[in-house]
Amino acid sequence: LTLGIFFERLWIFRGLEKKTRELATQVIDCIARSDVAAARAACEASDIPAAEMLAEGLRWDNVAVEDLDGIFGTMRAERVTGLRRGIWIIGTTGSLAPFVGLFGTVIGIIRAFGEMAVHGSSGFAVVALGISEALVATAAGLGVAIVALLLFNYLQVRVQSVANTYARACERVIQALLYVGSQKGSAASSG
């Protein structure tokens with residue numbers, strides 16, 4: 001399950017940052033030409049999560065920058081939540097696996113002492129099988145935990161990286177809208 005979620009998330013993240021930067025650049029180029037309709041069309045033609053986010057921001061005309069930033073912030077939060085889907089299972093596996101290993105260790109030790117009680121004698125030969133099972137359970141639990149936590153942390157870093165790319169794309173679009181708006185205002189006041 002952990003590996004399945006990990007590879008599914010990798011598939012989702014594949015090229016996402018690059019595609020987001022490219023879409024933002026395309027949208028900004030359209031805005032710079034005062035062609036908001038083309039910017040919206042570019043967003044509608046794209047299948048990445050940032051496209052819907054940028055399209056939503058472009059739907060609002062004559063909105064204060066703070067409000068537009070809030071709109072983008074809400075959309076970013078929704079997209080980032082979607083990127084985190086299922087990652088919690090990997091984190092939970094990583095945090096629970098040592099306890100499962102410890103449980104196996106306790107069962108193995110109980111079994112070893114049970115064998116001593118049944119045979120009425122002590123010694124390594126009597127408890128070796130139970131201790132062996134206990135050590136295997138501990139090693140398996142730790143192995144699963146180590147792998148799961150590495151994968152979880154990697155995915156968390158990737159999600160944050162994509163979230164940062166989304167934030168920069170939104171900031172760049174807002175700056176482009178402000179720039180074009182200021183150019184229109186300068187042209188109107190000088191004309």
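Which side chains are joined by a polar contact of 3.3 Å? Thr165 and Glu17 are the pair to look for. Keep in mind as you go through these close-ups that the model is predicted.

**View 1. Thr165 meets Glu17.**
Start with Thr165, which you'll find in helix 7. Its relative accessibility is just 2%, so Thr165 counts as buried, given that buried means under 20%. The side chain of Thr165 makes a polar contact of 3.3 Å with the side chain of Glu17. Glu17 is itself one of the buried residues of helix 2.

**View 2. Helix 2 and its buried side.**
Here's a helix whose length you can check for yourself. With 17 residues at 1.5 Å a residue, helix 2 should span 24 Å, and its end C-alpha atoms are indeed 24 Å apart, so the two agree. Which residues of helix 2 are buried? They are Leu16, Glu17, Thr20, Leu23, Ala24, Val27, Ile28, Cys30 and Ile31. These residues cover an arc of only 155 degrees around the axis, which means they sit on the same side of helix 2. Flip to the face turned away from that buried side and you'll meet the exposed residues Lys18 and Ala32. Just past the end of helix 2, look for Ser34, which takes a positive phi of about 60 degrees.

**View 3. Thr25 and its partner.**
Stay on helix 2 for this one, since Thr25 is found there. Is Thr25 buried, exposed or partly exposed? At 33% relative accessibility, Thr25 counts as partly exposed. Its side chain is joined to the side chain of Arg172 by a polar contact of 3.1 Å. For a sense of scale, try tracing from Thr25 to Pro49: they're 24 residues apart in sequence, and their C-alpha atoms are 16 Å apart in space.

**View 4. Helix 5, one side in and one side out.**
Helix 5 has 19 residues and reaches 26 Å from its first C-alpha to its last, close to the 27 Å expected at 1.5 Å a residue. Its buried residues are Leu68, Ile71, Phe72, Met75, Arg76, Arg79, Val80 and Leu83. They're on the same side of helix 5, because they cover an arc of only 165 degrees around the axis. On the other side of helix 5, you'll spot Glu66 and Thr81, which are exposed.

**View 5. The largest pocket.**
Now for some empty space: the largest pocket has a volume of about 360 Å³. Its lining is made of 17 residues, and those nearest the centre are Trp60, Asp61, Asn62, Leu177 and Gly181. Helix 4 (49-58), helix 5 (65-83) and helix 7 (124-190) each give at least two residues to this lining. Which element supplies the largest share? That's helix 7, with 6 residues. Sorted by class, the lining of the largest pocket has 11 nonpolar, 4 polar and 2 charged residues.

**View 6. The second largest pocket.**
This pocket holds about 250 Å³ of space. It's lined by 13 residues, and Ile12, Leu16, Asp47, Ile48 and Pro49 are the closest to its centre. Helix 1 (2-13), helix 2 (16-32) and helix 5 each provide two or more residues of the lining. Helix 5 gives the largest share, 4 residues. How does the lining of the second largest pocket divide by class? You get 6 nonpolar, 1 polar and 6 charged residues.

Key: Residues numbered from 1 in each chain as written. Predicted model: local features only at pLDDT ≥ 70, side-chain atom pairs only at ≥ 80, totals over all residues. Heavy atoms only, no water. 1 Å grid on protein atoms, 1.4 Å probe; cavity = no way out; pocket = protein on both sides within 12 Å on 5 of 7 lines; lining within 4 Å. Points joined across faces, edges and corners; volume = space filled by probe spheres on them. Nonpolar A, V, L, I, M, F, W, Y, C, P; charged D, E, K, R; others polar. Expected span 1.5 Å × (residues − 1). Buried < 20%, exposed > 50% of the residue type's maximum accessible area, 1.4 Å probe, protein only. Arc of directions from axis to C-beta. Polar contact = N/O pair within 3.5 Å; in protein donor to acceptor, adjacent residues only side chain to side chain.
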